[in-house]
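User: Could we go through this model together? I should like to begin with helix packing and then turn to the ligand and the confidence scores.

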Amino acid sequence: VVPTGPVVATPVAQAAAAPAGAPQIVPVPVSTVAVPDETFTAGPETRIVLAPGSGDTSTPAQALAAVLRPSTGYPLPVVHDTPRTGDITLRLTDATDLGDEGYRLDATSDGVRIEAARPAGLFYGVQTLRQLLPPWVESRTVQPGPWTVAGVRINDVPRYGYRGVMLDIARHFHPPAVVKRLIDQAAAYKVNTLHLHVGDDQGFRIAIDGRPELTEIGAQFSINNDPGGFWTQAEYVDVVNYAATRFMTVIPEVDTPGHTNAIIMSYAGDEADPVLPDVNCSNRTPPVWNLTGAVGYSALCPESPNTWAILTDIVTQLSALTPGPYYHFGGDEVPASVLSHDRFVDFVDRKADLVATQDKIAMGWAEISQGNFDRPGAAPSVAQFWNNGNPTGAGGDSARRAVQKGMKVVMSPANHTYLDMKQFPGSPLGLTWAGTLDVSHFYHWSGTSSDPGSYIPARTANGVTLPAVTDADILGVESPIWSETLLTGADIEFQAFPRLPATAEIGWSPKTHPDRTLDSFVNRLAGHGLRWQLQGTNFHPSPQVPWR
Ligand code: TNX
């Protein structure tokens with residue numbers, strides 16, 4: 001039922017029409033300088049050379065080979081050797097200006113050279129090289145070429161170290177294969193964090209040893225009684241490892257203390273034979289499945305030892321399976337009518353301590369900034385801002401309070417980053433509570449500006465000043481994909497493209513870059529629709545993008 005991409009010319013017909021002008025790179029690199037009269041052409045003899053003296057360059061090299069071999073039909077061996085004319089060279093240097101993720105890329109008639117201080121930087125240089133090559137490099141079948149790159153010198157480093165996408169596999173179950181595709185599609189735009197929302201009211205999605213109820217019962221359904229499902233721990237580890245080869249860090253989230261109907265139902269038993277009734281502090285007694293999209297009714301009891309026994313198993317096991325530094329414990333949408341402010345704060349403090357015992361940095365939706373994160377000895381923590389309105393007024397206070405308590409902030413304002421919002425009136429997919437959001441809403445956070453670092457200024461109310469949320473506080477940006485209306489991988493792709501690249505650019509490119517404008521962005525993105533078609537990636541043919 002979802003429209004596929006726009007009707008465009010076939011790759012071969014498109015060759016003649018391909019623009020010869022400036023590179024169409026998204027996110028726009030820090031600096032791109034044309035090298036006149038030079039053209040690199042990959043041919044059957046081209047090799048991917050890991051320059052002598054380099055460290056582990058094989059992961060980015062294999063990523064490049066995996067894109068180029070099917071479309072060029074060339075062998076493109078990955079070799080340790082001295083570069084020859086026509087080769088693509090990956091080299092690790094000790095350039096301190098490139099940081100963990102920056103790179104330099106030179107394309108001349110002699111070859112392409114990508115340099116970085118760390119393997120992640122080489123991987124991002126490879127993603128840029130993909131976009132410099134003709135679009136049909138994305139084809140899965142052999143194409144005629146020619147495989148040319150106009151002479152260019154690119155210097156590039158990201159603005160933020162955290163550039164995320166979130167997928168909700170709880171509202172609708174999604175299998176690992178769908179998530180792996182999203183990893184590939186997002187990594188192509190230099191997204192480096194995958195936040196996986198694995199527990200919510202409608203489902204609990206990863207097997208926990210010793211707690212078979214959580215998946216036998218808690219994973220049965222999806223929203224609207226749609227089919228459920230869960231991942232084994234081996235499947236989760238496989239996805240984590242897959243993400244790592246795309247330099248992407250996975251953050252698991254089991255939302256608590258609210259959004260926990262699936263956990264509560266797993267231990268409810270029935271009225272005659274209740275199993276662990278003391279974990280249920282929701283406003284539903286006896287508990288009954290609520291498989292609609294209703295929010296803000298379920299809660300785990302902060303006082304119950306059984307609550308903490310269950311959560312300790314979950315946090316301990318998921319932390320052990322997750323190499324990344326963060327564990328996200330949710331914390332959103334618990335009305336005071338379900339848990340009083342004091343009980344909520346007690347829960348948050350205790351949950352943050354539990355996460356810290358697993359050597360993870362506690363992360364949660366910005367409501368958790370009500371917790372005592374400023375108490376002596378409190379571990380570092382992160383608040384994810386998602387409020388959809390009035391950032392200069394009280395709408396920004398959850399993030400200001402986080403900053404005041406020394407927390408870091410990830411920016412996900414719903415009306416500018418929520419990929420589950422409809423893109424046009426009448427869309428069969430998506431919700432509308434934060435708006436109907438096209439590319440421009442994602443690119444412009446306030447007025448015509450898209451600067452996370454000035455989105456939430458300081459605010460004084462009743463004589464009390466709460467601080468601004470500045471780049472010193474902000475780890476980065478994230479676009480969530482909640483899945484209430486999204487049943488398939490094609491649905492997810494339709495919502496993510498073309499809007500996810502807008503968030504990716506806000507996270508990567510310098511705010512002062514002259515091409516950091518909506519007009520430049522949509523023009524650079526215009527050729528990417530053909531790339532998505534060649535990859536088999538679904539997308540919304542937004543009328544704001546001049547597709548070609
Ligand atoms: C709000 S954003 C939620 C989610 C929903 C989403 C739908 C947030 C922290 N909570 O539970 O899925 O809206 O857009």
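**Helix packing, ligand shell and confidence**

Analyst: To begin with packing in this predicted model, helix α4 (residues 176-187) and helix α13 (residues 489-496) have axes that come within 10 Å and cross at roughly 25°.

User: Parallel or antiparallel, then, for α4 and α13?

Analyst: Angles under 35 degrees count as roughly parallel, so α4 is roughly parallel to α13. The crossing in which α4 passes α13 is right-handed.

User: Which residues of α4 and α13 meet?

Analyst: On the α4 side they are Val178, Arg181, Leu182 and Gln185, and these meet Gly489, Ile492, Glu493 and Ala496 of α13. By class, this contact of α4 with α13 comprises four nonpolar, two polar and two charged residues.

User: At what angle do α4 and helix α6 pack?

Analyst: Helix α6 covers residues 233-244, and α4 packs with α6 at about 10°, the axes being 10 Å apart. The two helices, α4 and α6, are therefore roughly parallel to each other. The crossing of α4 and α6 is right-handed.

User: And which residues make up the contact between α4 and α6?

Analyst: From α4, Pro176, Val179, Lys180 and Ile183 take part; they meet Glu235, Asp238, Val239, Tyr242 and Ala243 in α6. The residues of this contact of α4 with α6 divide into six nonpolar and three charged, with no polar ones.

User: Changing topic: which residues are around the ligand?

Analyst: The residues around the ligand include three tryptophans, Trp365, Trp386 and Trp482, together with Tyr418, Val295 and Leu431. The acidic residues Asp332, Glu333, Asp420 and Glu484 are also around the ligand.

User: How does that shell around the ligand divide by class, and how many are charged?

Analyst: The shell around the ligand has six nonpolar and four charged residues, and no polar ones.

User: Now confidence. What is the mean pLDDT of the chain?

Analyst: The chain has a mean pLDDT of 95, and 96% of its residues reach 70 or more. For the model as a whole, the scores are ipTM 0.96 and pTM 0.95.

User: Which elements have the lowest and the highest mean pLDDT?

Analyst: Among the elements of the chain, helix α1 (residues 11-17) has the lowest mean pLDDT, 37, while strand β8 (residues 162-168) has the highest, 99. Over residues 1-20 the pLDDT is below 50, and this stretch has 31 contacts in the model beyond near neighbours in sequence.

Key
Residues numbered from 1 in each chain as written. Predicted model: local features only at pLDDT ≥ 70, side-chain atom pairs only at ≥ 80, totals over all residues. Near = placed C-beta within 6 Å. Nonpolar A, V, L, I, M, F, W, Y, C, P; charged D, E, K, R; others polar. pLDDT = per-residue confidence, 0-100. Helix = DSSP H or I, 4+ residues; strand = E, 2+ residues; numbered from the N terminus. Contact = placed C-beta atoms within 7 Å. Axes fitted to C-alpha atoms, helices over the stretch in contact; angles between N-to-C directions. Parallel < 35°, antiparallel > 145°, perpendicular 65-115°, else oblique. Left-handed = near helix turned anticlockwise from the far one by under 90°.
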